[in-house]
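The following report goes through a predicted model, beginning with a single side chain and moving outward to the fold as a whole.

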Amino acid sequence: TDRQYRTCIIHTPSIHIVSVPTMIANTAARSVTRIGSRRAMSESAGPKMHKAKDAWKTINATRPVDPHPHNVFHPPYSKGASAAGILTVLSLGYGTMFYGMAHQQKKQGYWK
């Protein structure tokens with residue numbers, strides 16, 4: 001029968017009845033349009049290349065010499081402070097995960 005090949009798409013304020021073959025054709029047309037609208041890479045131009053890599057020695061030679069590189073972390077490191085920081089991070093991470101698991105177990109009635 002004709003009813004099994006029709007579907008109802010509701011748009012406000014009116015109702016449009018569209019057949020299944022029409023919907024498939026519209027979807028295919030949208031897909032082809034979407035694929036065709038992508039910017040294809042030109043074979044003659046190719047991707048933009050960074051030009052500085054060829055002149056890197058010249059660029060580096062014109063820079064002033066930096067006597068102090070200003071690293072983020074400056075040694076010497078305190079072993080006690082480093083150990084305390086690592087233990088704090090690990091215990092906080094484990095503690096929050098364990099608390100979340102214990103909370104769920106109690107909430108769901110597995111633990112009393």
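## An exposed tyrosine

Tyr94 is exposed, since its relative accessible area is 60%; here buried stands for under 20% relative accessible area, exposed for over 50% and partly exposed for what lies in between, with a 1.4 Å probe and protein chains only. Tyr94 belongs to helix α3, which covers residues 79–107, where helices (H or I, at least four residues) and strands (E, at least two) are DSSP runs numbered from the N terminus.

This is a predicted model, in which local features need pLDDT of at least 70 and side-chain atom pairs count only at pLDDT 80 or more, while totals for chains, interfaces and linings use all residues. Residues are numbered from 1 along each chain as its sequence is written, and side-chain values use heavy atoms, with hydrogens and water left out.

## The aromatic pair

A search of the whole structure returns one aromatic pair. Tyr94 and Phe98 form this pair, which is stacked, with 6.2 Å centre to centre and 20° between the planes; the rings of Phe, Tyr and Trp (its six-membered ring) pair if their centres lie within 6.5 Å, and planes under 30 degrees apart count as stacked, over 60 as edge-to-face and the rest as tilted.

Both residues lie in helix α3, four residues apart, or about one turn of the helix. An α-helix has 3.6 residues a turn, so residues three or four places apart point the same way. Phe98 counts as partly exposed because its relative accessibility is 40%.

## The nonpolar surface patch

Tyr94 and Phe98 also join Met101, Tyr110 and Trp111 in a nonpolar patch on the surface, with about 580 Å² of accessible area together. Accessible areas come from the Shrake-Rupley method with a 1.4 Å probe, and for residues only the protein chains shown count as cover. Patches take residues with over 30% relative accessible area and no salt bridge (a side-chain nitrogen of Lys or Arg within 4 Å of a carboxyl oxygen of Asp or Glu), joining like charges within 9 Å and nonpolar side chains (Val, Leu, Ile, Met, Phe, Trp, Tyr) within 5 Å.

## The overall fold

The protein has three helices and two strands, in the order β-β-α-α-α from the N terminus on. Of its 112 residues, 3% count as buried. Just after α3, Gly109 takes a positive phi of about 90°.
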